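Biologist: Could you show me how to read a buried charge and a group of aromatic rings in a model like this one?

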Amino acid sequence: MHLGADAAGSLTPALRELPARADVLLLAGDLTRHGTVDEARVVAAEFGDVGVPVVAVLGNHDHHSDAQDEIATLLDDHGITVLEGSAATVTVREHTIGVAGTKGFGGGFAGKCASVFGERQMREFASHTVELAQSLRTALAGLRTDVTVALTHYSPVSDTLHGEPREIYPFLGSYLLGEAIDDCGADLAVHGHAHAGYERGTTPGGIRVRNVAAPVIRTAFAVYDLRPACD
């Protein structure tokens, strides 16, 4: 979304329709342009009272000014649950929806990926991905809900990156996120970040993946029906 001060109120007309169309809203990161607290206030005003529970992860833009902790606290104070290696449960009528989330990180995909080897900087880069993928795995494993969703900013699969230059795939996601999702199971995986990517993909284990970056879905929100998993 990359909301800034000039975007205040821009999504309000579309979000008025949300309660009639969806039971929960997931935000897949890059909520702000430059990761400032002032921009986060715009996000809080936009999504803090939309009539359904809102669960989010932060993205790389939200980390740019090193104010990610303040941003997460501000959003939480406005009723927006921010996940990082954690999970939330939402009750929808007689069913429960569990959302496990992390920002995730890059590193690439099987056969063409970074490894925890070599220079300190490379080891730190690859280790950060390993750490966040493990946090997603732990959060997913702890859920006992009717429906489970994995929410990340970086992509867990390369399917939804088609349209992006292949040279930047290692900076758009990591197969380790997909492995965590497949190992623990989920009904849906949702991510952002890949602006020129493709909406639909699957993990190697067959779990649905959806890229909800705004330039991809080209609307204020996309609706995914998970009711069959509840029946």
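**A buried arginine and an aromatic cluster**

Modeller: Arg210 lies in strand β11, residues 208–211 (strands are DSSP runs of E, at least two residues, and helices are runs of H or I, at least four, numbered from the N terminus). The model is predicted, so local features need pLDDT of at least 70 and side-chain atom pairs 80 or more, while totals for chains, interfaces and linings use all residues. Residues are numbered from 1 along each chain as its sequence is written, and side-chain values use heavy atoms, leaving out hydrogens and water.

Biologist: Which side chain of opposite charge is nearest to Arg210?

Modeller: Lys and Arg count as positive, Asp and Glu as negative, with His and the chain ends not counted. The nearest is Glu199, 5.2 Å away, and Arg210 has no salt bridge (side-chain nitrogen within 4 Å of a carboxyl oxygen) although Arg210 is buried (under 20% relative accessible area; exposed is over 50%, partly exposed in between; 1.4 Å probe, protein chains only).

Biologist: How many aromatic pairs does a search of the whole structure find?

Modeller: A pair of aromatic rings is described by the distance of the centres and the angle of the planes. The search finds three pairs (centres within 6.5 Å; stacked under 30 degrees, edge-to-face over 60, the rest tilted; Phe, Tyr and the six-membered ring of Trp). Phe105 and Phe125 have ring centres 5.0 Å apart and planes at 55 degrees, so this pair is tilted. Phe125, in helix α5, also forms an edge-to-face pair with Phe171, at 6.4 Å and 70 degrees.

Biologist: Which residues form the aromatic cluster?

Modeller: Phe105, Phe125, Tyr154 and Phe171 form one cluster, in which Phe105 is buried at 19% and Phe125 partly exposed at 22%.
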